[in-house]
Amino acid sequence: APPKFYGGTDTELAKNWFNRMCDIFTTLNYTEDRRVAFATFQFEGAARSWWSVVRNKWERDQTPWNWENFKREFDEKFLPSMVQEKREEEFIKLKQGTLSVTDYEAQFTKLAKFVPEFVATDQRRIRRFVQGLNVEIKAALAAVPSNTFTEVLEKALRIESSRLQVRAFHAKKRNLSSVSGSGTVELSAPAPKAGRGIGGIRTAGLTKGSVSRGASSG
């Protein structure tokens, strides 16, 4: 099920489509001219109109129908050099920062499509990925060398998860300590003092005025 391509200005969509077609050609071992014919067969809408112009130009100039020429035309139209340079700069400057490892990996993979020479081998991909990780995760990874990018990613995710759990534990502990330290103990009101009332009767908590009023009412 090869994907259709409709053209447009979405460079990521264009790059994804192109890479997908390359994967298909590598798997099926297509020849140069067959690659061009098969790829352009997937064009629809604006992409098909664009290709019609290019095909007429090729026929007029007797341009060889090979994949290299097609890639050059495709890049000029849908992946201009200015966009490529911008994506390359974004890839070079990419750091994890406040991103989670999952979000950082997604950005890394997205931009890596535009700079295949930076991630041509698994070791180069690993080295560049680790360089952009936060210091604490990078240091922990150094203690456990990995051979594949998948291993590095899995270990980075586990390290991040462990550190988040530790932080959550300490935060909860601090909150509990704060609550117990700032709690106030309510003191009960002092019990009323007992005194000697009229006729030797002991009274409790009665004022002098209330005793007098009681005596007068009797």
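Here are some numbered notes on this predicted model, from the overall fold down to single residues.

1. Let's start with the overall layout. The protein has 10 helices and two strands, and along the sequence they run in the pattern α-α-α-α-α-α-α-α-α-β-β-α. Of its 218 residues, 30% count as buried. The accessible surface comes to about 14600 Å², and 55% of that surface belongs to carbon and sulfur atoms. If you look at contacts between residues at least 6 apart in sequence, 53% of them join residues at least 24 apart.

2. The largest nonpolar core is a good place to go next. This core has 22 residues, and the members that touch the most others are Phe5, Trp17, Phe43, Trp51, Phe70 and Phe74. Helices H1 (11–28), H2 (32–41), H3 (46–61) and H4 (67–78) each supply at least two residues of the core. H1 gives the most, with six residues. As background, nonpolar side chains in soluble globular proteins tend to be buried together.

3. Phe70 deserves a closer look within that core. Setting aside neighbours within four places in sequence, Phe70 is in contact with Trp17, Phe18, Val36, Ala39, Thr40, Phe43, Trp51 and Trp58. Trp17, Phe43 and Trp51 are thus among the contacts of Phe70 and also among the core members that touch the most others.

4. There is also a second core, separate from the one above. This core has 20 residues, including Leu94, Val152, Ala156 and Ile159.

5. Helix H5 passes a simple length check. The helix covers residues 81–93, which is 13 residues, and at 1.5 Å a residue they should span 18 Å. The end C-alpha atoms of H5 are 18 Å apart, so the model agrees with the expected span.

6. Which residues of H5 are buried? They are Val83, Gln84, Arg87 and Phe91. Viewed down the axis of H5, these buried residues fall within an arc of 100°, so they line one face of the helix. Gln84 and Arg87 are on that list along with Val83 and Phe91, so a colleague may like to inspect this face on screen. The other side of H5 carries the exposed residues Ser81, Met82, Glu85 and Lys93. The cover over the buried residues includes helices H1 (11–28), H6 (101–112) and H7 (122–132).

7. Aromatic pairs are worth a point of their own, and the structure holds 30 of them. Phe91 and Phe118 form an edge-to-face pair, with 5.8 Å from centre to centre and 75° between the planes. This pair links distant parts of the chain: Phe91 sits in H5, while Phe118 is 27 residues away in the loop between H6 and H7. Phe91 has a relative accessibility of 0% and counts as buried, whereas Phe118 is partly exposed at 25%.

8. How is the pair of Tyr104 and Phe108 arranged? The ring centres are 6.3 Å apart and the planes meet at 50°, so this pair is tilted. Tyr104 and Phe108 are four residues apart in helix H6, which means about one helical turn separates them. Tyr104 is buried, with a relative accessible area of 0%, and Phe108 is buried at 0% as well.

9. Gly132 brings H7 into the picture, since its place is in that helix. With a relative accessibility of 2%, Gly132 counts as buried. Leaving out residues up to four places away in sequence, Gly132 touches Leu94, Lys95, Gln96 and Tyr104. Gly132 and Tyr104 are 28 residues apart in sequence, and their C-alpha atoms are 8.6 Å apart. Leu94, one of the residues touched by Gly132, is also a member of the second core.

10. Finally, two backbone angles. Asn29 has a phi near 55°, which is positive in a residue other than glycine. Asn29 lies in the loop between H1 and H2 and is exposed, with a relative accessible area of 66%. Gln62 likewise has a positive phi near 55° and is not a glycine. Gln62 lies in the loop between H3 and H4, and at 69% relative accessibility this residue counts as exposed.

Terms used: Residues are numbered from 1 along each chain as its sequence is written. This is a predicted model: local features need pLDDT of at least 70, side-chain atom pairs count only at pLDDT 80 or more; totals for chains, interfaces and linings use all residues. Side-chain values use heavy atoms; hydrogens and water are left out. The expected span of a helix is 1.5 Å times one less than its number of residues. Buried means under 20% relative accessible area, exposed over 50%, partly exposed in between (1.4 Å probe, protein chains only). The arc is that of the directions from the helix axis to the C-beta atoms. Contact means heavy atoms within 4.5 Å. A nonpolar core is a set of buried Ala, Val, Leu, Ile, Met, Phe, Trp, Tyr and Cys residues joined through side-chain atoms within 4.5 Å. Accessible areas come from the Shrake-Rupley method with a 1.4 Å probe; for residues, only the protein chains shown count as cover. Rings of Phe, Tyr and Trp (its six-membered ring) pair if their centres lie within 6.5 Å; planes under 30 degrees apart count as stacked, over 60 as edge-to-face and the rest as tilted.
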